Amino acid sequence: MGRIGLIGTHGSGKTTLAHQLATTLGRNTVVIPDVARLAPFQVGSHSDLVAQQWIIERQLHLERLFCNSKGVAVYDGCSVSHLGYYKYWGGKDDELETLALNSAAGFDALLMLPAQSEFLVTDGLRPTDRTFQEEIAGILTVIV
C-alpha cells in the first residue's frame, strides 16, 4: 500500500509522471486523475475563487477515499498542489488551508515537479502562458 502525491503547476509533467509511475509500479497501481479537469467551472487563468475552493474540496474527498487502498495510488495533483491556485485567486480560508496541508501527511511520498514550458500545450483547459505558470510555481514553492 502506498500513496504518491504529485505537486506542481499546470505544465509540470504531473500527468505524464503519474502514468509512468503506474506503468513502472504495476497492476496494483491506480492513477487518481487531476480534479481540475472534472470541475464544472473555468480553471487556469480564467478561474476564480469559487472554482478553486470546489477543486480543493473534491481533491480532499478523493484523498480520503483512497487513503486505505490496498495497492498504490498515484495522485495527478494533490490538495497542496491545488492550494497554489486557491491562493493565487485570493483564498484565505484558514480551515481549508489547514485541511489541505494536513492531508499531505497522509502520503508516503510527495514529489514536487518544476514548471516546464515544453509541457504547456493547448489542451482546451490549461493556459499556455508561461508567466501564469511561473506565478503558480512560485506560490507552490512558498507553500512547500
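The largest pocket of this predicted model encloses about 250 Å³ of space. Of the 17 residues that line the largest pocket, those closest to its centre are His10, Gly11, Thr15, Arg37 and Phe119. Sorted by class, the lining of the largest pocket holds four nonpolar, seven polar and six charged residues.

**Enclosed spaces**

Besides this pocket, the structure contains two cavities of 30 Å³ or more. The largest cavity has a volume of about 50 Å³, and the residues that line it are Gly8, Thr9, His10, Lys14, Asp34, Gly77, Ser81, His82, Tyr85 and Arg126. Helix H3 supplies the largest share of this lining, namely three residues. In terms of class, the lining of the largest cavity is made up of one nonpolar, six polar and three charged residues.

The second largest cavity holds about 40 Å³ of space, and around it stand Ala36, Val43, Gly44, Gln52, Ile55, His82, Tyr85 and Arg126. The elements that contribute two or more residues to the lining of the second largest cavity are H2 and H3. Here the residues divide into four nonpolar, three polar and one charged. His82, Tyr85 and Arg126 appear in the linings of both the largest cavity and the second largest cavity.

**Helix H3**

What surrounds helix H3, which runs through residues 79-88? Eight of its ten residues are buried, so helix H3 is largely enclosed by the rest of the structure. The buried residues of H3 are Ser79, Val80, Ser81, His82, Leu83, Gly84, Tyr85 and Tyr86; among them, Ser81, His82 and Tyr85 also belong to the lining of the largest cavity. The packing partners of these buried residues are strand E1 (2-7), helix H1 (14-25), helix H2 (49-65), helix H4 (94-103) and helix H5 (130-143). Just after H3, the chain reaches Gly90, which takes a positive phi of about 90 degrees.

**Helix H4**

Helix H4 is one of the elements against which the buried residues of H3 pack, and H4 has buried residues of its own, which are Leu96, Glu97, Ala100 and Ser103. These residues lie on the same side of H4, because they cover an arc of only 130 degrees around the axis. Asp94, Glu95 and Asn102, on the other side of H4, are exposed. Among the elements that cover the buried residues of H4 are E1, H2 and H3.

**Salt bridges**

How many salt bridges does the structure have? The count comes to three, and the table sets out each pair with the distance between its closest N and O atoms.

| Basic residue | Acidic residue | N to O distance |
|---|---|---|
| Arg58 | Glu57 | 3.6 Å |
| Lys87 | Glu97 | 2.9 Å |
| Arg130 | Glu134 | 3.0 Å |

In the salt bridge between Arg58 and Glu57, Arg58 is partly exposed with a relative accessible area of 35%, and Glu57 likewise counts as partly exposed, at 34% relative accessibility.

Lys87 and Glu97 form the salt bridge at 2.9 Å, and this pair links distant parts of the chain, with Lys87 in helix H3 and Glu97 in helix H4, ten residues apart. Are the two partners buried or partly exposed? Lys87 counts as partly exposed at 32% relative accessibility, whereas Glu97 is buried, with a relative accessible area of 12%. The 12% of Glu97 falls under the 20% below which a residue is called buried, and Glu97 is one of the buried residues of H4.

Arg130 and Glu134, joined by a salt bridge at 3.0 Å, both lie in helix H5, where they are four residues apart, about one turn of the helix. Arg130 counts as partly exposed at 33% relative accessibility, and Glu134 is partly exposed as well, with a relative accessible area of 43%.

**Drawing the parts together**

Helix H3 connects several of these features. H3 is largely enclosed by the rest of the structure, since eight of its ten residues are buried, and H3 gives the largest share of the lining of the largest cavity. H3 is also among the elements that give two or more residues to the lining of the second largest cavity. Through Lys87, H3 takes part in the salt bridge pair that reaches Glu97 in helix H4, while H3 is included in what covers the buried residues of H4.

How values were computed:
Residues numbered from 1 in each chain as written. Predicted model: local features only at pLDDT ≥ 70, side-chain atom pairs only at ≥ 80, totals over all residues. Heavy atoms only, no water. 1 Å grid on protein atoms, 1.4 Å probe; cavity = no way out; pocket = protein on both sides within 12 Å on 5 of 7 lines; lining within 4 Å. Points joined across faces, edges and corners; volume = space filled by probe spheres on them. Nonpolar A, V, L, I, M, F, W, Y, C, P; charged D, E, K, R; others polar. Buried < 20%, exposed > 50% of the residue type's maximum accessible area, 1.4 Å probe, protein only. Contact = heavy atoms within 4.5 Å. Salt bridge = Lys/Arg side-chain N within 4 Å of Asp/Glu carboxyl O. Arc of directions from axis to C-beta.
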